[in-house]
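Q: Could you take me through one part of this model up close? I'd like to look at the open sheet in chain A, what packs on it, and how that region relates to the other chain.

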Number of protein chains: 2
Amino acid sequence: MPWDTEFEAAFNPKVIAIVGASSSASTSGGMWAPGVGFITRLREMGFTGRIHPINPKATEIAGLKAYPSLASVPDPIDLVIVSVPAPAVPAVLEDCIVAGAKNIHIFTAGFEETGEPEGEELGRRIREIAHRGGLRVVGPNCMGLYVPSANLAYWPEGCTESGPVAFLSQSGRLAQDWAEYAQGYGVRFSKVISYGNALTLDCTDFLEYLATDPETKIIGMYLEGVRDGQKFARQVKEINRQKPVIVWKGGLTEPGSRAVASHTGALGGEGAIWSAFFKQTGAIRADSLEEIADLTMTFLYLKPPGGRRVALMGVGGGISVASADICAWEGFQVPTLTAKTRRELRGFVPPAGNSIRNPLDIAVALLNPTNFERTLELIANDPLIDVLLIGRHWFMTRYGPPDMHQKLTEVLIRFAKRNNKPLVVALQTYTDDPEVRSKQTKIRAELLGAGIPVYDSQQRASRALAKFIQYHEFYKTES
Amino acid sequence: MPWDTEFEAAFNPKVIAIVGASSSASTSGGMWAPGVGFITRLREMGFTGRIHPINPKATEIAGLKAYPSLASVPDPIDLVIVSVPAPAVPAVLEDCIVAGAKNIHIFTAGFEETGEPEGEELGRRIREIAHRGGLRVVGPNCMGLYVPSANLAYWPEGCTESGPVAFLSQSGRLAQDWAEYAQGYGVRFSKVISYGNALTLDCTDFLEYLATDPETKIIGMYLEGVRDGQKFARQVKEINRQKPVIVWKGGLTEPGSRAVASHTGALGGEGAIWSAFFKQTGAIRADSLEEIADLTMTFLYLKPPGGRRVALMGVGGGISVASADICAWEGFQVPTLTAKTRRELRGFVPPAGNSIRNPLDIAVALLNPTNFERTLELIANDPLIDVLLIGRHWFMTRYGPPDMHQKLTEVLIRFAKRNNKPLVVALQTYTDDPEVRSKQTKIRAELLGAGIPVYDSQQRASRALAKFIQYHEFYKTES
């Protein structure tokens with residue numbers, strides 16, 4: 001399905017028709033009533049285009065004039081949202097053809113993914129109609145499009161700020177989760193596309209669009225199946241160099257693959273094929289939403305390190321040992337700092353209770369902002385070090401001097417501005433204490449605001465960092 | 001070092017002497033002033049025994065009569081806490097010998113772990129004195145003992161409730177973290193022993209004590225090195241069958257091992273040796289504090305499943321796929337439910353938007369407590385299922401019907417009482433929203449209160465469950 005300017009209108013519609021909108025919440029299942037919900041959400045997002053509810057039994061819905069059919073709408077329709085029950089969908093698609101509407105988002109579920117004969121038959125029918133009418137269908141069985149720059153969202157409380165990250169997802173719930181999760185990580189979106197069963201438009205189609213979308217710089221995706229695997233691999237290989245492509249492939253295992261069949265009706269791929277895909281294309285592999293978050297943030301904020309030699313700094317000997325193990329498992333070296341660096345550190349760090357070799361376990365540097373800054377300076381200037389991983393674990397407890405967090409955050413932000421070596425922070429906490437949690441959220445936002453990536457654990461920091469370095473090495477070895 | 005009744009007094013002391021207590025916070029470094037801190041903390045814990053500060057320059061400290069030396073204390077001393085600077089420790093140990101005090105906790109750091117000649121020499125000297133005087137030393141370089149039943153704690157805000165879990169740790173920070181983290185997981189302690197450099201008492205000594213301690217049912221540990229590895233393996237093999245032994249070995253990698261040397265001066269072991277240890281003893285391996293928490297909770301609350309066939313239930317197709325992948329990676333089967341179960345589920349679950357094969361993705365069961373209970377009942381009675389993993393992911397967002405969480409929690413608690421199959425819950429959340437976080441904390445506490453293990457993610461749930469099953473299989477295949 002080739003792209004044209006007509007489809008562009010789906011991402012920035014002036015006129016949206018909603019089929020299945022109903023004024024009575026109860027008939028459509030209360031909170032699940034998608035028709036009214038879509039109108040509410042578009043309004044919440046500040047959508048400025050026209051919205052036409054389609055319902056032959058109503059004259060007005062949510063203060064808007066209702067039309068009996070798409071064909072009776074006087075405007076040319078940029079996007080049709082379909083939320084009628086599955087058996088009624090074929091007739092709506094026929095109506096789309098009559099009305100000349102080409103861009104369709106089918107929210108409705110109940111097709112191939114049910115595994116039931118009726119659902120499969122309905123799936124075949126809508127596929128035939130869509131192909132016959134040349135319809136560009138997002139879905140069925142999906143949440144559709146979230147485009148902040150066009151004030152477009154079909155789930156509640158979407159953020160209206162836009163950014164350089166695109167996300168393709170065959171799961172609507174994961175798309176929503178990521179959109180919400182992203183708020184705390186300073187990630188903002190160009191386009192989020194939840195496309196469910198991929199009736200006519202598949203990830204390859206969306207990828208073609210995102211490849212040239214000037215708003216999009218990083219592309220993430222949650223995939224369950226790909227119709228044209230070879231095309232997908234060719235595309236990713238080409239796009240990945242300019243716009244990092246982060247892929248979470250669900251259903252790599254046998255039970256996961258069965259769950260895929262029940263979810264979007266797709267064919268889950270074999271693990272070996274997908275391993276080859278990652279190897280050949282250099283795409284970045286994620287295995288969870290947490291990894292999608294960590295990797296996206298890393299690509300957004302970090303400059304590539306020159307190598308895998310990491311300086312670790314935190315407080316606590318056990319934490320230091322654990323961090324070193326984690327880094328080694330992820331393929332990093334944790335070299336002993338040069339004699340020169342250690343000599344200079346020894347100038348203000350007493351031997352008892354402090355380790356200056358690397359990992360650095362220096363209480364006096366975390367209780368004194370001046371010492372903290374000197375330490376950062378010294379390790380960043382050590383020629384044996386490529387990247388700095390700063391643990392702020394100890395501050396994420398109920399103890400410690402109350403104003404120190406703020407002071408050290410200021411030092412980090414000031415230091416990061418003049419520092420040339422990549423620096424990341426891990427803000428792990430082991431408490432449910434709401435005060436500590438909100439402190440964590442606050443410090444994370446401040447550091448992210450200064451362009452410093454912040455992870456919820458050393459484990460997550462080092463894993464994301466390892467994949468980030470691997471990405472850059474892929475192109476180094478290739479050229 | 002054999003145990004005797006005299007050492008028992010260290011865990012339940014009537015008389016504690018604190019060497020290095022000072023009335024002036026500033027001279028000992030403000031918040032780091034351990035001497036006064038120890039007195040404050042013992043009082044906070046409600047310690048009812050006698051506390052004698054030792055300081056030749058003071059007559060009274062924190063309202064207590066100060067003595068110039070241990071030898072001048074009229075009482076027999078059950079436990080001496082040493083918090084003077086490292087160079088002064090040898091003289092204090094000589095004073096212990098004169099005073100006849102045998103149980104010593106050395107808080108002070110600055111010995112072998114510094115890697116400096118002075119520290120190493122001091123280490124040799126205190127070792128010689130301790131051996132000569134037959135002193136039982138906890139430490140140096142550690143936080144000592146936390147025994148809630150004896151109102152004993154040397155770090156702030158210790159919980160005064162006791163429980164069946166013991167923890168041995170060469171890291172004081174990790175011991176404190178775990179004690180705090182444990183609060184949210186319903187884990188309470190018999191004894192937590194932070195023992196740092198293990199001058200005379202090593203983990204094998206403490207293990208000998210815990211093996212017969214009637215208060216202790218589960219033993220966890222964070223180890224950096226073990227002096228007598230063969231003895232340790234023999235002990236663990238014997239104890240593990242009655243009291244599960246969960247071991248986190250820090251320093252399994254080369255940089256981790258170097259960090260160990262800088263932390264407690266211990267020799268980190270080789271990875272291969274430790275792999276063999278786990279294989280031979282059946283001890284449960286943990287690689288992080290999160291795993292210590294998850295495994296301890298699992299052993300506390302769960303009955304062993306009959307096998308590895310898991311029923312997965314959550315909301316969201318993508319989450320279902322991800323959960324199935326995670327379970328398969330951890331060695332579980334996720335079988336399709338029997339035709340009979342599916343037929344009965346179909347009685348109240350419509351095909352569209354719901355999957356009943358397994359994973360179960362059933363919105364109508366999570367929006368209706370009656371349906372939820374019927375679904376639990378049906379999957380628990382399915383002969384193909386050994387264990388139930390219930391994801392409550394969807395409820396951990398800002399959306400969803402506001403009172404549903406409470407209702408479903410009540411159903412789960414009621415159901416768990418009559419249900420015979422092991423059941424666990426994952427309460428994952430992707431938001432910083434304090435309301436959602438506090439809801440998660442509240443639901444977790446309620447479910448744990450009813451004996452249902454609760455994990456922060458499906459990943460963590462399935463990993464802990466896999467290790468739990470592996471433990472029980474170890475003894476099945478052995479007998």
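A: Happy to. Two strands are taken as paired if DSSP finds at least two bridges between them. With that in hand, and remembering that this is a predicted model, let's start with the sheet itself.

Chain A holds an open sheet of five strands, paired in parallel, in the order β15-β14-β16-β17-β18. The edges are taken by β15 (360–361) and β18 (454–455) of chain A; each has a single partner strand, so one side of each is left without a neighbour in the sheet. Moving inward, strand β16 (residues 387–391) of chain A runs parallel to strand β17 (residues 423–426) of chain A, and four bridges join the two. If you want a spot to click on here, try A:I390, which stands opposite A:V425 in β17(A).

Now for the packing. Helix α11 (residues 317–329) of chain A lies against this sheet and touches β14 (310–314), β15 and β16 of chain A. The direction of α11 makes about 155° with that of β14(A).

The helix also leads us to the other chain. The contact between the chains takes 66 residues from chain A and 64 residues from chain B. On the side of chain A that touches chain B, α5 (172–181), α8 (254–263), α11 and α16 (434–449) of chain A each supply at least two residues. Of these, α11(A) gives the most, with 11 residues. So α11(A) is a good place to pause: the helix packs on the sheet and also contributes to the contact with chain B. By class, that side of chain A has 27 nonpolar, 25 polar and 14 charged residues.

How are the two chains related? Chain A can be laid on chain B with an RMSD of 0.1 Å by a turn of 180° and a shift of 0.0 Å along the axis. That is the relation of a two-fold axis. The same surface serves both copies, as 97% of the contact residues of chain A recur in chain B. To find the axis in your viewer, look for A:P434, the residue of chain A that comes closest to the rotation axis, with its C-alpha at 3.4 Å. The range of α16 in chain A, 434–449, begins at that residue number.

Conventions:
Residues numbered from 1 in each chain as written. Chains lettered and ligands numbered in written order. Predicted model: local features only at pLDDT ≥ 70, side-chain atom pairs only at ≥ 80, totals over all residues. Least-squares fit on C-alpha atoms with pLDDT ≥ 70 in both. Contact = placed C-beta atoms within 7 Å. Axes fitted to C-alpha atoms, helices over the stretch in contact; angles between N-to-C directions. Nonpolar A, V, L, I, M, F, W, Y, C, P; charged D, E, K, R; others polar.
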